[in-house]
Each structure stands twice: as C-alpha cells, then as structure tokens.
Amino acid sequence: MMRAPLLPLPESHVMDRRPSAAAAIAGALFLSACQTPTHRPMEIVTTPFGTTADGQQVRLFELRSASGPIARVTDYGATLVEMWAPDRSGEMADVILGFDDVRGYESDANQYFGCTTGRVANRIAEGRFELGGQTYQLAVNNGPNHLHGGGARALNRVVWDAEAAVTEEGQQVRFRYVSPNGEEGYPAALTMSVTYTLTADGDLRIDYEATSDGATPFNLTNHAYWNLAGQGAPTVLDHELRLNASRYTPVDATLIPTGAIDTVPVALDFRSARPIRDHLEGVAGTSTEGYDHNFVLDGNPDALDFAAELHDPTSGRVLSIWTTEPGIQFYSGNFLFGQRGKRGATYAHRSACCLETQHFPDSVNQPTFPSTILRPGETLRTTTLHRFSAR
Ligand code: GAL
C-alpha cells in the first residue's frame, strides 16, 4: 500500500489561524493545488510519522476528496491527526489539535487528541465493575476513577494494523486491532476495526466494528478537539453550538453519573444554536470546570441521526455530526494548558472543544443506561459522520 511519498504542504499554504489577506491568496493556491494534485488523485499517500519509544514505526495516511477536505490519520491509536476544511471563501485550515509526529502523541501534552478512545470511553466509577459474577478492577487514572481505557495499553496508545483502499465512496483507511483478554484489566479478547472514510463529498465517516470472545464492556469514540478557526486560534467560546439533546446525565463531584437522566437546564440548553460562552458561568464553577457533559441525543437511536452542529461565525466553517450512538460528550477543552502542538501552535485553555459520540459514561455500573456489554456472537457496529460546510 506504500505510495509515492507525500510532499508536505508548503508553509505558505498552511492556514492554522485566523485568515489574513495573504492567507486568502495562499488558501486559493492551496485549493487549486488540491484540484490538480501532483500525485495521482486515486492514490492514498502514506508517509512515516516517527518511531514510538519502544521502536515501532508509525505511519501517516492522507485521505483526499474531490470537494476539498483532506484528512490525515495515523496507525498510532487509530488517530485523526489533521482535518483540513474550507472556510466561506474556500480557504483551508486544519481544524483539529494534534502533534507533528508520534512522539508528541506519546508525550504528557497529549490529552487524547484525535484518538480512538477505549476500550471504554469516559469514566468508570473507581475503575470497578461486576460482570458474570466476577469483579474486575481496571486502572484508576483520573482521580478515583478509570478514564478512557486506562494506561499504556489503552487503545489510543497502541499501534493498529492499517489497510488503505480507494472505494466507490472515497478514500479510506481501516485500522484493525486485537486486544487480548485481560489487556488493561478488561475481560475477553476483542477484535476491532475503525475505518476512516473521506467521501467524494468531503464527509469524514468513522465506522466502528467489534466482536468479542466473551462478555465485556465496550464503548469507542473519537476524541478530536475542534477549532473551526484553525488549530491554534485562541478560543472556541465564540463558536456557536447546536445539540440535538433535551436531556443529559448529571454527574457527581468526580464526574461519575448519578444515574439520573434530567432535562437540560439553561446552561446546557443548546437546542437552538448559541455561542458556547453565553452560559459558561453556569457550569464553570462546578465539578466539570466548564462544559464536560454527556447529552442524551433526541434522534432515532437506530439510525444515523443528527447530533450536533458547530459553527465559527468568523470563518463561516460549519461542522455537523451525525451518529448512531445514543449520547455525545461536549467537552470545552477545560484542561488544555497551553501545550505546544502541530507546526508550533499553542493550545490555550478552551481553545478547542470535543464532541464525542458515545454510550453514556459509567454505563457498566448504571443499569438504567443503554447497555455497553458486547457478547460473543454479536457484532457491534456504530457510525459517526462529520460534514464540513461554510456559510
Ligand atoms: C474528556 C473528558 C474530560 C477530560 C478529557 C481529557 O472526554 O470528558 O473530563 O478527561 O476527556 O482531558
């Protein structure tokens, strides 16, 4: 699958921050470069992305679409590294946070940027659950709780097998990983794939599939941090957000759901689009330290239905998200601390937000929530679609 090496985008074509006039010209050049690529349009270009601390070589795959958007993904953590989308004048920007190579992703500065998060995304109370009459103890890596699959063998820290293909729909990379029984303390061997497809229309679709040889909790998400003004722009609080959710799952002081499913209060009511900053004070002084809530989606739980729309009024870029999942975690980047990311960008407090489609946090300990238990003989399939536009 190795193709001709990718020529890095010339610096002048790289739009990370708010556009200037010069940037607009560069963007137009970039767009025309996209329309007349130097490599054959059907090729999926693969480049080295560095070597992990334990000596594994990691790759970066570039997915292109006829309509403009470009995605780059790596086999380290089945991670979305770059997502380029046009603004209202066609200027491209990379709208997610990340690092220039795998060493960045292995570093402490990485707060799950763009990764596949699991085996179980979000928190499990005290890292403990019972299943089939047995008690399982997982890593406690976030206060008293288990977060995002645990430690060194969480799914965002392993190298996945990769297979690139050009299909009728568009360009795609399928990542596969078999997690052995007991890895990170979870029961059963899991066989998983995460497939990124960039369609000809420029949609980024992520399809998840898994089977297991025993009952086990399972809940994957993608943890992209979005800033539609371009990664490195100072804040996401002026982005407008709309969520298809009239209910949410309240949490205790350690961010574990109480088990209730409540109607959204004013601060969490995004049923009509509004700037993220508008009611921030209503959540900033609480245990979540900003927005960090699981919303219960109102859409059809058996279909790929609308979940969220994020709009940057300055650039005009719009991201809309559809999912088959019942929930979405809206996290307003409260723990970003000014770390250095791609191409020298700085990631300030609340300079990006996550919209993580998922089953609800701590579902394995919450009998009233939709189940996250995957059983032998079942094939779990979920899909989340990201659509980019501008207005
Ligand atoms: C989010 C989670 C936050 C925080 C973040 C990573 O998914 O809801 O509480 O842990 O990941 O820093």
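Hi everyone, let me start right at the ligand: a polar side-chain atom of Asn122 sits 3.5 Å from one of the ligand's oxygen atoms. Before I go on, please keep in mind that this is a predicted model.

Asn122 has company. In the side chain of His148, an N or O atom is 2.9 Å from an oxygen atom of the ligand. Then there is Asp292, where a polar side-chain atom lies 2.4 Å from a ligand oxygen. How much of the ligand does the protein bury? Taken alone, the ligand exposes 310 Å², and the protein buries 96% of that.

If you want to find the surroundings on your screen, the residues around the ligand include Tyr112, Arg123, Leu147, His223 and Tyr225. Further along the sequence, look for Gln329, Tyr331, Phe335 and Glu356, which also belong to that group.

Now let's zoom out to the whole protein. How many helices and strands does the protein have? There are three helices and 30 strands. Of its 391 residues, 59% count as buried. The protein exposes about 14900 Å², and carbon and sulfur atoms supply 51% of that area. Here is another number for your notes: among contacts with a separation of 6 or more, 67% are between residues 24 or more positions apart.

With that many strands, let me show you some of the pairings. One open sheet has five strands in the order β1-β2-β3-β4-β5, with antiparallel pairing. At its edges are β1, residues 45-51, and β5, residues 92-94, each pairing on one side only. Direction ignored, neighbouring strands in this sheet are turned by 20° against each other on average. Take β1 and β2 as an example: β2 covers residues 57-64, and the two pair in the antiparallel sense over five bridges. You can spot Thr46 standing opposite Phe61 in β2.

My last stop is strand β12, residues 170-179. Is β12 mostly covered or mostly uncovered? Mostly covered: seven of its ten residues are buried. β12 has an antiparallel partner in β11, residues 161-166, with six bridges between them. A hairpin of three residues joins β11 to β12, and Ala162 has Phe175 in β12 as its bridge partner. β12 also pairs with β13, residues 190-199, again in the antiparallel sense, this time over ten bridges. In that pairing, Arg176 stands opposite Ser193 in β13.

That's my tour, so thanks for listening, and do have a look at the structure yourselves!

Note on methods:
Residues are numbered from 1 along each chain as its sequence is written. This is a predicted model: local features need pLDDT of at least 70, side-chain atom pairs count only at pLDDT 80 or more; totals for chains, interfaces and linings use all residues. Side-chain values use heavy atoms; hydrogens and water are left out. Helices (H or I, at least four residues) and strands (E, at least two) are DSSP runs, numbered from the N terminus. Buried means under 20% relative accessible area, exposed over 50%, partly exposed in between (1.4 Å probe, protein chains only). Contact means heavy atoms within 4.5 Å. Accessible areas come from the Shrake-Rupley method with a 1.4 Å probe; for residues, only the protein chains shown count as cover. Two strands pair if DSSP finds at least two bridges between them. Axes are lines fitted to C-alpha atoms, for helices over the stretch in contact, and angles run from 0 to 180 degrees between N-to-C directions. A residue is near a molecule or strand if one of its heavy atoms lies within 4 Å of it. A polar contact is a pair of N or O atoms within 3.5 Å; within protein, one must be able to donate a hydrogen and the other to accept it, and residues adjacent in sequence count only if both atoms are side-chain atoms.
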